[in-house]
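Here is a short briefing on salt bridges. Look at the structure, then read the points below.

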Amino acid sequence: MSAPGDTAWTDSEGFRGTMTAEEDAKWLQWVTHQFKTIAGNDGEINLQDFKKALQVKESFFAERFFVLFDSDGSGTITLQELQEALTLLIHGSPMDKLKFLFQVYDVDGSGSVDPDELRTVLQACLHESAISLPQEKLDQLALALFESADKDCSGTITFEELRDELQRVPEVMENLTISAARWLTPPAPPRHQRPPRPLTSAYWHNHRSHALCLAAFVGLHVLLFALAASAYRAFGASVMVAKGCGQCLNFDCSFIAVLMLRRCLTWLRATWLAQVLPLDHNIQFHQLMGYVVVGLSLVHTVAHVVNFALQAQSEASPFRFWELLLTTRPGIGWVHGLASPTGVALLLLLLLMFACSSSCVRRRGHFEVFYWTHLSYLPMWLLLILHGPNFWKWLLVPGTLFFLEKTISLAASRMAALNIVEVNLLPSKVTHLLIKRPPLFHYRPGDYLYLNIPSIARYEWHPFTISSAPEQKDTIWLHIRSQGQWTNRLFESFKKSDPVFCGSKRLSRRLEMKRSQRKSQQGVQPQPIDFRASAQSAVASSKEVTVELTSYRPEGTLWREREGMVNTGTKDRTRALRQAAAEDRVLVSEMCSENHQFCNIKCYIDGPYGTPTRRIFASEHAVLIGAGIGITPFASILQSILYRHQKRKHICPTCQHSWRDSGQDEDMKLHKVDFIWINRDQQSFEWFVSLLTKLEMDQAEETQEGRFLELHMYMTSALSKNDIKAIGLQMALDLLAKKEKKDSITGLQTRTQPGRPDWNKVFQKVAAEKKGKVQVFFCGSPALAKILKGHCEQFSFKFFQENF
């Protein structure tokens, strides 16, 4: 089946509208082959086979499609019936497809659709799109779509009324399709990706620092090799190769440590060198140098082995081959003839470190193996000093810097243990930690730190982005997604420590806790929220689900109370939204406390360290793209923006008129920020929905043209608007969002878009705004990073990716 949100039949231009005779013949041949594979000997498909092959999440659509495909009502589908139905959907005009859609909605076959039939279809659409809404919200969606389409108020929707309603959205009518199983879809022709064009200006714009550094790296190696080899040209080719590789290894084995000096790199980010050096790719260069060291070491070793073999065969040599290779008797080396034994030991250590550094070791629950074997750099440096007479000279400066940084980091991290004061267990196994902030811990938005929790693993340090703003003085926030062994242990340890989650009386304890909270909350009056204050309380730390829980409140009282607010003036609406958010604090605390714990767990942190996102405030037009938990660096940045905007805001005590200072911070050149958050499921939006709500409310008084920040939400599991299985739902969500000024999925004012972004359209819109030089910042999967990087090169946008 096509991935959710994909429209398999519109991927290829050959299957839009009318196909050529050759394409039609190939498609019929494909369908016949696939049908015979599923149908078997009897040549027919029953309902169960159809459901299994279609792979839909909700059986409603499988049953409706089966009934419509089964034109003779025999209870099975023949090859001819299947071909006729698919021909209609692929060859047919938009009106033919629309008639098929109407028949899907007309469950009882009466020729019209009543509200209950529409509700049944929308419920199936929700399941297909992996969207969970309460029954009351489903009723509101069904009524919104029904009232919009039922123009004559007859109580039913006719085909003509549905057609008129859909014609209001011409782009949907033109591309109406259905995501079916692959056995119904012809194989798409291979997509020929454009080969990289390294000589274009766009490519050079994003890669010039890499190319220059690589050129300098290669040039330096050629120079070192040539100088060392030429000095030993009288000793033969094997010695020349060995000495040339050895000189290159002197540089590589000392400089490779410089690439991991995180404090030095963080300092360099604040200088002009950040524009010249590819500081964001230090780990990639570190890995590259590791490969180079292994390669040169092998060549160096082979060259010496050849030289020793030639010496052993010489009658003038008193030593045998194994003595030259493994003992100190020949006196090779500058320290008691240790060159050969230390060389063997170095090669063995290097190969062990190289093998244990592979991704299959690091990412499959064996981080300790990677960590401890990587510490062998200390004995390796000692052996290198004994092995090569000049290595200590190369190591002097880098080694001094390395040990100074390690000493400072160790002293700073172990000087005093910190405490994890609060924990929130969020959807999709995300652990939200609140750590008491040290007095001298100064960081910038988007920075990251290394975290050590001895109760989880005594010697493991893992990097995590700081998700709180620097203006938040008391605590540091971390949002940690459970994706590996350590992060899973972290989540499970807090889950098990919470008595609500375990034990034979789990539900009884939960009910008792809720009732006690209700009693304690009686008589509590909602107070206005000061968003400039740092959100450190238990309620604030749990507000990632505030809007979600409010929007889905079963009683529905808040919905009815707020419906009268949406058409008021901007200032009144802002005030109403803030008052509503204050009221929600009581509602949220009841449900969030089940996953919320106060604690006092010892931990250590090392940092902060800078990332590419430090450049955001120096940008003119920043596009922030977060995929899933990749939002964390941008959460810190968006909070910092919110604090800075609130700091510039003034309110007249007499008339309550508000205004902002026209000037900007000296270190903030931003004219526009586009924030794009892509999540697979609905629950993931709960992580930071309260922060996004605050940002929307902060801009509620601004005009559309004057808004500094624009939000874009995408849910990839939701089917696109062009899909027959989702078109009604998406239209209903659009109608209800316009009516309530609020998205039904997240509770934000920004409408959540189904499927994946069309990056070409997104970047075209960004380029057309002409708000200044565009820089794109991304945190997420490497696969999506490659796609975005290609689009940025096409539009000449600068691209930065978050890397640890």
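**Salt bridges in a predicted model**

Glu769 and Lys765 both sit in helix H29 (residues 759-769), four residues apart, about one turn of the helix. The model is predicted. A search of the whole structure finds 14 salt bridges. Three of these pairs are described here, beginning with the one in helix H29.

**Within one helix**
- Glu769 and Lys765 form a salt bridge, with their closest N and O atoms 3.0 Å apart.
- Glu769 is partly exposed, because its relative accessible area of 23% falls between the cut-offs of 20% and 50%.
- Lys765 is partly exposed too, with a relative accessible area of 40%.
- Both residues belong to a network of salt bridges, which also links Lys672, Asp674 and Glu710.

**Between a helix and a loop**
- Glu165 and Lys151 meet through their side chains in a salt bridge (3.9 Å, N to O).
- Glu165 lies in helix H8 (residues 159-166), while Lys151 lies in the loop between helix H7 (135-149) and H8, so the pair ties together parts that are 14 residues apart in sequence.
- Which partner is buried, and which is exposed?
- Glu165 is buried, because its relative accessibility is 3%, which is under 20%.
- Lys151 is exposed, because its relative accessibility is 52%, which is over 50%.

**A buried pair**
- Asp743 and Arg751 form a salt bridge, and their closest N and O atoms are 3.7 Å apart.
- Asp743 and Arg751 are both buried.

Methods. Residues are numbered from 1 along each chain as its sequence is written. This is a predicted model: local features need pLDDT of at least 70, side-chain atom pairs count only at pLDDT 80 or more; totals for chains, interfaces and linings use all residues. Side-chain values use heavy atoms; hydrogens and water are left out. A salt bridge is a side-chain nitrogen of Lys or Arg within 4 Å of a carboxyl oxygen of Asp or Glu. Helices (H or I, at least four residues) and strands (E, at least two) are DSSP runs, numbered from the N terminus. Buried means under 20% relative accessible area, exposed over 50%, partly exposed in between (1.4 Å probe, protein chains only).
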